[in-house]
Amino acid sequence: METTEKTKRIPEDKKETPEDKFEIKAYLKTEFAQFYFPCLSAEAALKKLRKWIAVNPELHRQLYGGREGKNDQTFSKRQVQLLIDFLEAP
């Protein structure tokens with residue numbers, strides 16, 4: 001007996017984007033940075049992400065203009081959404 005595999009076609013306007021697959025939640029800063037730089041150590045990835053944030057004054061202002069601080073260990077859900085809006089999903 002022959003089995004056939006059916007593939008489900010998704011309409012063009014319904015295709016998943018990287019943002020759809022990425023879960024918006026609070027992340028440790030090192031964990032989040034490694035989504036963008038998986039080949040780097042946690043510390044190196046965070047350092048590089050911080051440089052990206054520093055060269056974008058609008059992102060920096062919005063990221064740290066809320067109740068969250070620069071020295072927090074985590075990015076809040078709000079901060080993760082801002083980072084994805086500015087940098088796109090990893």
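Biologist: Which residues in H5 are buried?

Modeller: In this predicted model, the buried residues of H5 are Gln79, Val80, Leu82, Leu83 and Ile84. A residue counts as buried when its relative accessible area is under 20%.

Biologist: What follows H5, and what is its phi?

Modeller: The general idea concerns sign: most residues other than glycine have a negative phi. Here, H5 is followed by Glu88, and the phi of Glu88 is positive, near 75 degrees, although this residue is not glycine.

Biologist: Is Glu88 buried or exposed?

Modeller: Glu88 belongs to the segment after H5. Because its relative accessible area is 53% and the cut-off for exposed is over 50%, Glu88 is exposed.

Biologist: Where is Glu68 found, and is Glu68 buried or exposed?

Modeller: Glu68 is found in the loop between H4 and E2. With a relative accessible area of 8%, Glu68 is buried. Setting aside neighbours within four places in sequence, Glu68 is in contact with Leu63, Ser76, Arg78 and Gln79. One of these partners, Gln79, is 11 residues from Glu68 in sequence, and their C-alpha atoms are 8.5 Å apart.

Biologist: Where does Ser76 lie, and what does Ser76 contact?

Modeller: Ser76 lies in the loop between strand E2 (74-75) and H5. Its relative accessibility is 15%, so Ser76 counts as buried. Beyond neighbours within four places in sequence, Ser76 is in contact with Lys25, Ala26 and Glu68.

Biologist: Which residues touch the most other members of the largest nonpolar core?

Modeller: A nonpolar core is a set of buried nonpolar residues joined through side-chain atoms within 4.5 Å. The largest one here has 19 residues, and Phe32, Ile53, Leu63 and Phe75 touch the most other members. At least two residues of this core come from each of H2, H3, helix H4 (57-64) and helix H5 (77-87).

Biologist: What does Leu63 touch, not counting residues up to four places away in sequence?

Modeller: Counted in that way, Leu63 touches Ile53, Glu68, Phe75, Arg78, Gln79, Leu82 and Leu83.

Biologist: At what angle do H2 and H3 pack?

Modeller: Two packed helices are described by the angle between their axes and the distance between the axes. In this case, helix H2 (residues 29-36) and helix H3 (residues 42-54) pack at an angle of about 80 degrees, and their axes are 8 Å apart. Angles of 65 to 115 degrees count as roughly perpendicular, which means that H2 is roughly perpendicular to H3.

Biologist: Which residues in H2 and H3 meet?

Modeller: From H2, Lys29, Thr30, Phe32, Ala33, Gln34 and Tyr36 meet Ala42, Ala45, Leu46, Leu49 and Trp52 of H3. Sorted by class, this contact has eight nonpolar, two polar and one charged residues.

Biologist: How is Glu31 in helix H2 to be described?

Modeller: The relative accessibility of Glu31 is 36%, so Glu31 counts as partly exposed. Glu31 and Thr74 are 43 residues apart in sequence, and 9.0 Å separates them in space, C-alpha to C-alpha.

Biologist: How many helices and strands are there in the protein?

Modeller: The protein has five helices and two strands. From the N terminus on, the order of the elements is α-β-α-α-α-β-α. Of the 90 residues in the protein, 26% are buried. Its accessible surface comes to about 7000 Å², with 50% belonging to carbon and sulfur atoms. Among contacts between residues at least 6 apart in sequence, 55% join residues at least 24 apart.

How values were computed:
Residues are numbered from 1 along each chain as its sequence is written. This is a predicted model: local features need pLDDT of at least 70, side-chain atom pairs count only at pLDDT 80 or more; totals for chains, interfaces and linings use all residues. Side-chain values use heavy atoms; hydrogens and water are left out. Axes are lines fitted to C-alpha atoms, for helices over the stretch in contact, and angles run from 0 to 180 degrees between N-to-C directions. Helices (H or I, at least four residues) and strands (E, at least two) are DSSP runs, numbered from the N terminus. Angles under 35 degrees count as roughly parallel, over 145 as roughly antiparallel, 65 to 115 as roughly perpendicular and the rest as oblique. Contact means heavy atoms within 4.5 Å. Ala, Val, Leu, Ile, Met, Phe, Trp, Tyr, Cys and Pro count as nonpolar, Asp, Glu, Lys and Arg as charged, and the others, Gly among them, as polar. Buried means under 20% relative accessible area, exposed over 50%, partly exposed in between (1.4 Å probe, protein chains only). Accessible areas come from the Shrake-Rupley method with a 1.4 Å probe; for residues, only the protein chains shown count as cover.
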